[in-house]
Amino acid sequence: RALAGNAVTINTNRVSSSATHTIKYTFGNATGTIATDVGDSTSWTPPVSLASEIPSSPSGVCTITCETYYNGVMTGSKTCQLTLSVPTSVVPTISGVTHTESISGLAAQFLAYVQGKSKLGVSISAAGVYGSTISTYRATLDGATYTAASFMTGFLMFSGTKTLSVTVTDSRGRTSVATSVNIAVTAYAPPSISQFSAERCTSDGSAP
């Protein structure tokens with residue numbers, strides 16, 4: 001087992017000092033020559049870019065081929081398999097989280113989000129890396145959870161500032177670093193009647 005981006009030693013176990021070897025690899029659709037004129041061993045650092053060959057898995061099987069040569073003539077070959085893993089640092093990225101007022105007229109009237117009146121329209125921009133794609137979105141605000149790249153919240157019932165937290169997961173099952181956006185909401189309460197009284201009046205509307 002090896003981690004892409006980290007060096008691995010390949011031993012040839014040659015039986016004669018006269019033999020030389022060419023070491024090659026196959027990983028998905030990617031192929032290449034690791035080294036030529038190899039004696040007893042060689043070091044290889046699998047490039048992290050090979051992760052593009054396994055966009056839906058955190059690891060895959062790499063086939064190493066050792067071709068043996070005597071006096072420039074290939075006399076045989078042997079293969080072995082190496083499990084190649086994508087580093088845990090390879091995660092999807094969130095490039096932006098935008099939010100706007102979804103209730104018509106409120107933004108122009110108040111220039112702020114208003115408690116009990118505003119709804120947010122949220123859009124998340126995210127991308128996978130080395131061939132992966134975004135499989136799930138997760139955003140949380142004031143105890144509510146949303147699972148789409150674009151969504152509308154319910155009415156914002158809080159006042160003050162709360163955090164909109166966003167993460168995404170890609171096709172490898174890797175989760176991004178959380179992105180946090182502060183949402184400030186202006187306190188508002190509708191008018192209320194604190195006292196009311198009624199009494200009979202005369203025909204002209206005056207009190208008796």
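Let me begin with a term: a residue is called buried when its relative accessible area is under 20%, exposed when that value is over 50%, and partly exposed in between. By that reading R14, with a relative accessible area of 25%, is partly exposed. Please keep in mind throughout that what we have here is a predicted model.

I will stay with R14 for a moment, since its side chain meets that of D40 in a salt bridge, at 3.0 Å from N to O. The two partners sit in distant parts of the chain, 26 residues apart, with R14 in the loop between strand 2 and strand 3 and D40 in the loop between strand 4 and strand 5. The count of salt bridges comes to 3, and another of them joins K24 to E67, whose closest N and O atoms are 3.4 Å apart. Here too the pair links distant parts of the chain, K24 belonging to strand 3 and E67 to strand 6, with their positions 43 residues apart. K24 is partly exposed at 31% relative accessibility, whereas E67, at 12%, counts as buried. There is also the pair D142 and K162, where the N to O distance is 2.5 Å; D142 lies in the loop between strand 11 and strand 12, and K162 lies in strand 14. D142 is partly exposed at 40% relative accessibility, and K162 is likewise partly exposed, at 32%.

Turning to strand 5, residues 41-44, we find T42 within it, and T42 is buried because its relative accessible area is 16%. The strand has two faces, a covered one made of T42 and W44 and an uncovered one made of S41 and S43. Strand 5 runs antiparallel to strand 2, to which 4 bridges join it, and S41 stands opposite N11 in that pairing. Leaving aside its neighbours up to four places away in sequence, T42 touches V8, T9, I10, I23 and A35.

W44, from the covered face of strand 5, brings us to the largest nonpolar core, which holds 22 residues and in which Y25, I34, W44, C62 and I64 touch the most other members. Strands 2, 3, 4, 6 and 7 each give two or more residues to this core, and strand 4 gives the most, with 4 residues. Apart from it lies another core, of 20 residues, among them Y137, V166, V168 and V181.

C62 touches, among others, W44 and C80, which raises a question about the cysteines: how many disulfides does the count come to? The count comes to 0. Consider C66 and C80: the sulfur of C66 has that of C80 as its closest cysteine sulfur, but the distance is 8.4 Å, and a disulfide needs the sulfur atoms within 2.5 Å, so the two are too far apart for a bond. C66 is buried, at 15% relative accessibility, whereas C80 is partly exposed, at 44%.

Finally, there is a sheet elsewhere in the chain, an open one of 3 strands in the order 8-10-13 with antiparallel pairing. Its edge strands are strand 8 and strand 13, each of which pairs on one side only, and the twist averages 20° from one strand to the next. Strand 10, residues 119-127, pairs with strand 13 over 4 bridges, and within that pairing V122 has F151 as its bridge partner.

Methods: Residues numbered from 1 in each chain as written. Predicted model: local features only at pLDDT ≥ 70, side-chain atom pairs only at ≥ 80, totals over all residues. Heavy atoms only, no water. Buried < 20%, exposed > 50% of the residue type's maximum accessible area, 1.4 Å probe, protein only. Contact = heavy atoms within 4.5 Å. Pairing = 2+ DSSP bridges. Axes fitted to C-alpha atoms, helices over the stretch in contact; angles between N-to-C directions. Core = buried A, V, L, I, M, F, W, Y, C linked by side-chain atoms within 4.5 Å. Salt bridge = Lys/Arg side-chain N within 4 Å of Asp/Glu carboxyl O.
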